[in-house]
Amino acid sequence: MFLSILISCKRKEKDGNDFYQKKAKETNEKVLDAIGKIYFEKNCLKCHANRGAKDNYLENAIKNDRHEYQFLKNFITKQDSLLKSKNKKALALKDWSNNNPYLHDFNLNENEIKAILYYLKK
Ligand code: HEC
């Protein structure tokens, strides 16, 4: 009897923690999404279609995990150095865009990049 009360108490406590953890996680995700949206709109929307737009190649690439994080980070912050070191994926993307002369060289930190990627992936 005592044991079963103890167990049910423990369970309640656990459920409570799960509830708050879930809420905290949801809040974090909302904040990340909102920050990503701000950074995306400020920096990328000039050239890239908005999230949810039809045939959005950037959004599709992120959603389908076409690139590793490290590549994306380098591509966004120093595309020229990827091209100089003859990175195959970077060269292929340039070829695909008919050698569009634009080079991504954003001064964004990891958190900002991760927020943008989170926003696009959602
Ligand atoms: C001035 C225009 C311009 C801006 C601003 C811009 N991009 Fe791009 N982006 C391009 C072009 C053009 C390509 C096609 C590849 C190339 O030519 O380098 C591209 C391609 C990409 C790709 C590769 C997509 C694929 O299909 O794999 C990623 C990732 C990317 N951009 C991320 C970003 C992010 C994130 C931002 C904002 C922080 C941004 N870009 C801002 C023009 C731009």
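Let me start with the geometry of helix α5 in this predicted model. Helix α5 has 12 residues, and at 1.5 Å a residue it should span 16 Å; its end C-alpha atoms are 16 Å apart, so the expected and computed values agree. Within α5, the buried residues are Ala115, Ile116, Tyr119 and Leu120. Viewed down the helix axis, these buried residues fall within an arc of 130°, and therefore they line one face of α5. An α-helix has 3.6 residues a turn, so residues three or four places apart point the same way. On the other side of α5, Glu110 and Asn111 are exposed.

The buried face leads directly to the core. The largest nonpolar core has 6 residues in all: Phe40, Ile62, Ala115, Ile116, Tyr119 and Leu120. Helix α5, residues 110-121, gives the largest share of this core, namely 4 residues. As a general point, nonpolar side chains in soluble globular proteins tend to be buried together.

Two of the core residues deserve a closer look. What does Ala115 contact, once its neighbours within four places in sequence are left aside? Its partners are Leu32, Ile35, Gly36 and Tyr39. Tyr119, also in helix α5, is buried because 22 other C-beta atoms lie within 10 Å. Not counting residues up to four places away in sequence, Tyr119 touches Asp33, Gly36, Lys37, Phe40 and Arg51. Gly36 thus appears among the contacts of Ala115 and among those of Tyr119. Tyr119 and Lys30 are 89 residues apart in sequence, and their C-alpha atoms are 9.6 Å apart in space.

I turn now to the end of α5 and its relation to helix α2. Lys121 has its place in α5, and Lys63 is found in α2. Along the chain these two lysines are 58 residues apart, yet their C-alpha atoms are separated by 4.8 Å. Leaving aside neighbours within four places in sequence, Lys121 is in contact with Ile62 and Lys63; Ile62 is itself a member of the largest nonpolar core. Are these lysines buried or exposed? Lys121 counts as partly exposed because it has 14 C-beta neighbours inside 10 Å. Lys63 has 13 such neighbours inside 10 Å, so Lys63 is partly exposed as well. A further pair involving Lys63 is formed with Tyr118: the two are 55 residues apart in sequence and 9.4 Å apart in space, C-alpha to C-alpha.

Let me place these details in the whole chain. The protein chain contains 5 helices and 0 strands, and from the N terminus on its elements run α-α-α-α-α. Of its 122 residues, 10% count as buried. Among contacts with a separation of 6 or more, 73% are accounted for by residues 24 or more positions apart. The pair Lys121 and Lys63 is one example of a contact between residues 58 positions apart.

Next, the ligand. Which residues come nearest to the ligand? Of the 20 residues around the ligand, they are Cys44, Cys47, Ala61, Ser97 and Asn100. The elements that give two or more residues to this shell are α2 (57-63), α3 (69-84) and α4 (88-96). By character, the shell divides into 12 nonpolar, 5 polar and 3 charged residues.

Cys44 is worth describing separately. Cys44 sits in the loop between α1 (2-43) and α2. With 18 other C-beta atoms within 10 Å, Cys44 falls short of the 20 required for a buried residue, and so Cys44 is partly exposed. Cys44 and Phe106 are 62 residues apart along the chain, with their C-alpha atoms separated by 9.9 Å.

Finally, I draw attention to the backbone in the loop between α4 and α5. Asn98 lies in this loop, as does Asn99. Asn98 has a positive phi of about 55° although it is not a glycine, and Asn99 likewise has a positive phi of about 55° without being a glycine. Asn98 is exposed because 6 other C-beta atoms lie within 10 Å, and Asn99 counts as exposed because it has 7 C-beta neighbours inside 10 Å.

Terms used: Residues are numbered from 1 along each chain as its sequence is written. This is a predicted model: local features need pLDDT of at least 70, side-chain atom pairs count only at pLDDT 80 or more; totals for chains, interfaces and linings use all residues. A nonpolar core is a set of buried Ala, Val, Leu, Ile, Met, Phe, Trp, Tyr and Cys residues joined through C-beta atoms within 7 Å. A residue is buried if 20 or more other C-beta atoms lie within 10 Å of its own, exposed if 12 or fewer, and partly exposed in between; C-beta atoms are placed from the backbone. Two residues are in contact if their C-beta atoms, placed from the backbone, lie within 7 Å. A residue is near a molecule or strand if its C-beta atom, placed from the backbone, lies within 6 Å of it. Ala, Val, Leu, Ile, Met, Phe, Trp, Tyr, Cys and Pro count as nonpolar, Asp, Glu, Lys and Arg as charged, and the others, Gly among them, as polar. The expected span of a helix is 1.5 Å times one less than its number of residues. The arc is that of the directions from the helix axis to the C-beta atoms.
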